[in-house]
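Me: I am new to reading protein structures, and I would like to go through one with you step by step. Could you take my questions in turn?

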Amino acid sequence: MMEGLKNMLVMIELELRRLRHDRTEIYFRAVQPILWILIYGPVMSSVRAIPTGGVPYTDFITPGVMIQTTTFVSIFYGLMMVWERESGILKKLLVTPASRYSMVIGRSMASGVRALFQALIILPIALIIGVRFIPNPAYFSLAFTIIFFASGGFAAISILVASFMKTRERFMGIGQAIIMPLFFASNALYPVQMMPPILREFSTFNPLSYVVDAVRGLLITGDLSNLLMDLVAIAIFDAVSFILASISFKRIIE
Amino acid sequence: MDFAVQVKNLVKVYDGKVKALDGVELDVEPGEVFALLGPNGAGKTTLIRILTTQLKPTAGEAYIFGLNVVRNGGKVRRLISYVPQEMSVWTDISGYENLLVYAKIFDVPSHERGKIIDEVLENMGLTHVKNDLVRTYSGGMIRRLEIACAMLTKPKIMFLDEPTIGLDPAARKVVWERLGVFKEEYGVTIFFTTHYMDEADLYADDIAIINQGKIVARGTSEDLKHSLGGEVISFTLEKAAIKPELFQELRKLVFVKDVLVENGSLNVFVDDAESTLSILMNFLKSEGLSVGKVSINKPTLDDVFLKHVGTRLEEKGRISDVTQMRYMIRRG
């Protein structure tokens with residue numbers, strides 16, 4: 001346990017050191033979400049077709065867009081695993097005393113850190129265009145903690161995928177194929193109630209919906225009625241993805 | 001005293017089809033520099049990966065200092081360090097940071113960390129670039145950084161898979177000098193594979209040749225060369241003239257220890273060339289062959305390899321492959 005925690009911190013440190021040397025990826029990845037809240041949000045809100053429970057549409061989608069980008073970051077973290085597999089880095093890491101599960105969880109949470117920065121960079125832009133956040137530091141901290149852990153879970157899923165897809169090209173394809181359905185079949189852009197029944201069913205199993213719901217409640221609407229359920233769902237999602245990724249990790253080097 | 005490496009009847013079959021190791025038997029003494037030579041696909045890397053607990057053998061047993069690599073994997077990993085053939089450092093952080101991450105994974109106490117890292121950097125001649133991004137390093141510097149990572153924990157045994165591949169001769173020499181100093185200081189056992197015969201000849205205390213998953217020759221460089229005979233007489237003949245019957249006839253001569261053919265040159269291994277050359281010349285003449293050129297040399301490790309594997313070590317294509325791959329990986 002202590003060993004796992006220590007390795008997790010080492011992997012997070014590695015990620016922070018990487019970010020310190022080169023942040024261009026974070027800036028480039030911010031372009032897409034900024035377009036969503038800068039262009040898509042205002043255009044759709046002028047149509048007034050989507051019931052948002054009284055909050056401006058751009059405010060409504062800001063948490064969803066933020067979480068979409070962090071999920072992108074996490075899902076493509078597996079790409080780095082594929083690269084590290086092609087190089088000898090993973091082989092060398094697996095020959096250290098660090099256990100495999102601590103490597104998986106460590107790397108996943110390291111991706112969570114990267115995702116946090118990705119989410120934070122959107123905040124000032126959202127503030128400038130007039131998105132009104134609930135000014136409560138405790139809510140903010142909890143929201144970003146949720147983003148951190150959820151991103152870790154998604155990164156574990158991507159490590160799981162990486163252990164099956166051994167080339168970068170295949171991984172790129174599958175990465176896209178995972179993210180877009182998750183995004184559109186969630187409550188990120190519209191309330192779940194607006195979806196056709198089948199999609200609504202799917203949305204109950206979509207971890208992204210729970211993350212968006214919790215973060216939207218904490219940052220924008222203040223509606224925390226589902227918060228406990230959201231937290232439980234995210235915890236289950238994390239546990240399942242960590243376990244599956246740890247079991248499958250061995251494959252990645254064989 | 002336990003062997004540093006002990007391998008008993010090791011078999012590895014991939015996907016139920018490809019037999020990479022076919023009953024390997026091997027002992028390596030502690031404190032030795034041990035070279036494993038073999039053509040591509042002979043099973044070198046598979047053997048190293050089993051010994052470093054990355055792969056499970058299909059059958060047979062392997063021990064590192066008496067610890068079973070399957071049952072005691074965790075303990076084995078505390079004794080060993082490993083440099084894979086592929087590039088194994090993060091290029092988007094500095095050399096110092098790479099070492100720092102590994103020092104932390106290996107639980108090097110925080111008050112010693114800085115000192116130990118500086119020491120291995122100094123050892124590998126990287127102090128002046130320690131804060132530069134690894135991306136800016138030359139191929140030789142990256143290889144030295146990888147070996148520095150492996151030295152960091154003062155392991156009892158280092159596994160180096162092609163530690164000098166693709167480096168120029170000067171850079172190779174530097175790597176081996178540094179490894180030599182490190183070995184003297186800490187008594188570490190070094191287990192390496194290489195494509196450079198001269199390296200095995202110069203630096204290895206002990207050599208094994210592996211071919212098609214089996215150890216086919218074993219001994220010191222001197223032993224192996226001596227097993228071929230004291231001297232080799234090379235006759236340049238027309239290619240068409242070298243027939244299997246000629247081989248058999250030659251082998252019947254009592255003083256001939258072995259015969260090998262390569263590129264139109266007939267190599268006859270004997271203990272003493274001076275006393276046997278005229279007999280051989282007469283023999284070839286009686287067979288109706290005209291000899292172009294004759295030279296007398298000492299057998300080399302290359303000759304040993306040729307005898308046991310059937311081909312020379314195909315250095316060139318292989319090395320440029322790996323260099324290219326490492327280069328591509330570096331660029332990401």
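Reply: Gladly; this is a predicted model, and we will go through some rings, two helices and one chain.

Me: How many aromatic pairs does a search of the whole structure find?
Reply: The search runs over all chains, not just one. Its total of aromatic pairs is 17.

Me: Are the rings of A:Tyr40 and A:Tyr57 stacked, edge-to-face or tilted?
Reply: Their centres lie 6.3 Å apart, and the planes meet at 55°. Planes under 30 degrees apart would be stacked and those over 60 edge-to-face, with the rest called tilted. The angle of 55° falls in the remaining group, so the pair is tilted.

Me: Which helices does this pair link?
Reply: The two residues are 17 apart, and the pair links distant parts of chain A. A:Tyr40 sits in residues 24–47 and A:Tyr57 in residues 57–75. Those are helix α2 and helix α3.

Me: Is A:Tyr57 buried or exposed?
Reply: A residue counts as buried under 20% relative accessible area. A:Tyr40 has 26%, so A:Tyr40 is partly exposed. A:Tyr57 has 5% relative accessibility, so A:Tyr57 is buried.

Me: What residues form one aromatic cluster with A:Tyr40 and A:Tyr57?
Reply: The cluster also takes in a tryptophan and some phenylalanines of chain A. They are A:Trp36, A:Phe60, A:Phe183 and A:Phe184.

Me: How far apart are the end C-alpha atoms of α2(A)?
Reply: The helix has 24 residues, and at 1.5 Å a residue they should span 34 Å. The model agrees with that expectation. The end C-alpha atoms are 35 Å apart.

Me: Where in α2(A) does a kink lie?
Reply: The kink is about 35° and comes shortly before the proline A:Pro42. We have already met the residue there, as one partner of the tilted pair. The kink lies at A:Tyr40.

Me: What covers the buried residues of α2(A)?
Reply: The buried residues include A:Ile26, A:Ala30, A:Trp36 and A:Gly41. Their cover includes other helices of chain A. Among them are α1, α3, α6, α7 and α9.

Me: Within what arc do the buried residues of α6(B) fall?
Reply: This helix covers residues 169–186 of chain B. Its buried residues include B:Ala171, B:Val175, B:Trp176, B:Leu179 and B:Phe182. Seen down the helix axis, the buried residues line one face, because they fall within an arc of 130°.

Me: Which exposed residues are on the face of α6(B) turned away from its buried side?
Reply: Exposed here calls for over 50% relative accessible area. The residues carried on that face are B:Pro169, B:Ala170, B:Glu184 and B:Glu185.

Me: What ring does B:Arg172 lie over?
Reply: B:Arg172 is one of the buried residues of α6(B). It lies 3.5 Å from the centre of a ring, over the face. That ring belongs to B:Tyr196.

Me: What share of the residues of chain B count as buried?
Reply: Chain B has twelve helices and 14 strands, and its C-alpha atoms fill a box of roughly 80 × 40 × 35 Å. The chain has 332 residues. Of these, the buried share is 55%.

Me: Which residues is B:Asp201 in contact with, leaving aside its neighbours within four places in sequence?
Reply: B:Asp201 is in helix α7 of chain B and is partly exposed, at 28% relative accessible area. Contact here calls for heavy atoms within 4.5 Å. The partners are B:Ser221, B:Lys225 and B:Leu301.

Key
Residues numbered from 1 in each chain as written. Chains lettered and ligands numbered in written order. Predicted model: local features only at pLDDT ≥ 70, side-chain atom pairs only at ≥ 80, totals over all residues. Heavy atoms only, no water. Phe/Tyr/Trp six-rings, centres within 6.5 Å; stacked < 30°, edge-to-face > 60°. Helix = DSSP H or I, 4+ residues; strand = E, 2+ residues; numbered from the N terminus. Buried < 20%, exposed > 50% of the residue type's maximum accessible area, 1.4 Å probe, protein only. Lys NZ or Arg CZ within 6 Å of the ring centre and 35° of its normal. Expected span 1.5 Å × (residues − 1). Bend = angle between axes of the 7 residues up to and from the residue. Arc of directions from axis to C-beta.
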